[in-house]
Amino acid sequence: MARKDLREKVYVSLRRDLISGAITATERLGEERLADLYGVSRTPVREALARLQADGLVMRNEDGLHPYRPRVDDLAGLYELRRTLESRGIVRIQEDSSLRHDHSAVEAELEVWRDASTSPPDAADIVWMDEQFHTTMLAASGNDALTEALRTVNAKVRPVRMLGPMSPDEFLLQIDEHVSIGEALLAGELDTALSTLLHHIDSSRDRVIARAEQAAVLAGAVRT
């Protein structure tokens with residue numbers, strides 16, 4: 001394989017594993033271990049890590065490189081970006097009457113959330129379900145670039161979203177909100193879908209920031 005192709009393959013593979021969570025937020029990204037994982041030398045791994053650091057998916061700490069983990073101050077900006085990306089998926093269809101959502105994809109996600117009310121998953125699975133719903137809704141609008149950008153935002157926020165459990169009442173509210181968004185899209189009620197979506201994202205932002213602030217306080221207490 002040509003060196004350029006190998007570099008790209010390692011970059012794509014590592015980026016995929018960071019975004020999917022196959023590499024967890026607490027792992028140190030050692031070149032030697034990653035080279036063994038991908039069956040390559042350390043050079044393409046080093047180059048991939050440099051690119052991913054420029055992408056914002058990798059950060060340098062005192063002990064080396066790690067998957068990006070947002071500071072509390074970063075979260076509002078990430079959620080503003082998420083708001084922009086997801087709302088654009090609806091607005092582009094409002095602006096162009098020749099476009100429509102992929103109803104089969106929306107219906108499939110609706111079934112997942114309707115079924116969840118009878119067998120609630122654990123907290124980590126809820127985060128994955130939520131990400132899958134939102135990326136599917138955005139992909140259903142027909143713009144792959146928007147969807148890929150949302151996956152990157154999700155990967156950055158995910159470590160904080162995984163902190164702490166979700167109460168049964170909170171999860172039931174999550175079900176109602178996701179179903180309402182999906183049903184409004186299917187009915188062509190795009191104004192309703194947009195307002196419900198933005199309220200849902202803003203509520204998630206507030207919960208995540210509160211959780212991050214609480215975790216920061218607890219971490220400070222442990223250090224002292």
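Here are three short exercises on a predicted model.

**Exercise 1. The largest nonpolar core**

Find which residues touch the most other members of the largest nonpolar core, and which helix gives the most to it.

Solution.
- Start with the members. This core has 37 residues, and L75, I90, W113, V157 and L185 touch the most other members.
- Next, list the elements that give two or more residues: helix 4 (72–95), helix 5 (103–116), helix 6 (123–139), helix 7 (144–161), helix 8 (168–186) and helix 9 (190–223).
- Pick the top giver. Helix 9 gives the most, with 9 residues.
- Now look at V157. Leaving aside neighbours within four places in sequence, V157 is in contact with P70, L75, L78, Y79 and V208.
- Another core lies apart from this one. That other core has 19 residues, including L18, A35, V45 and L52.

**Exercise 2. T147**

Decide whether T147 is buried or exposed.

Solution.
- Locate T147: helix 7.
- Check the accessibility. Buried means under 20%. T147 has 2% relative accessibility, so T147 counts as buried.
- List the contacts. Beyond neighbours within four places in sequence, T147 is in contact with T135, L138 and A139.
- Look closer at A139. Its backbone nitrogen lies 3.3 Å from a polar atom of the T147 side chain.

**Exercise 3. The second largest cavity**

Work out which helix gives the most to the lining of the second largest cavity.

Solution.
- Count first. There are 3 cavities of 30 Å³ or more.
- Take the second largest. Its volume is about 90 Å³.
- Read the lining. Among its residues are E86, I90, H134 and L185.
- Group by element. Helix 4, helix 6 and helix 8 each give two or more residues.
- Helix 6 gives the most, with 4 residues.
- Sort by class: 7 nonpolar, 4 polar and 1 charged.

Conventions. Residues numbered from 1 in each chain as written. Predicted model: local features only at pLDDT ≥ 70, side-chain atom pairs only at ≥ 80, totals over all residues. Heavy atoms only, no water. Core = buried A, V, L, I, M, F, W, Y, C linked by side-chain atoms within 4.5 Å. Buried < 20%, exposed > 50% of the residue type's maximum accessible area, 1.4 Å probe, protein only. Contact = heavy atoms within 4.5 Å. Polar contact = N/O pair within 3.5 Å; in protein donor to acceptor, adjacent residues only side chain to side chain. 1 Å grid on protein atoms, 1.4 Å probe; cavity = no way out; pocket = protein on both sides within 12 Å on 5 of 7 lines; lining within 4 Å. Points joined across faces, edges and corners; volume = space filled by probe spheres on them. Nonpolar A, V, L, I, M, F, W, Y, C, P; charged D, E, K, R; others polar.
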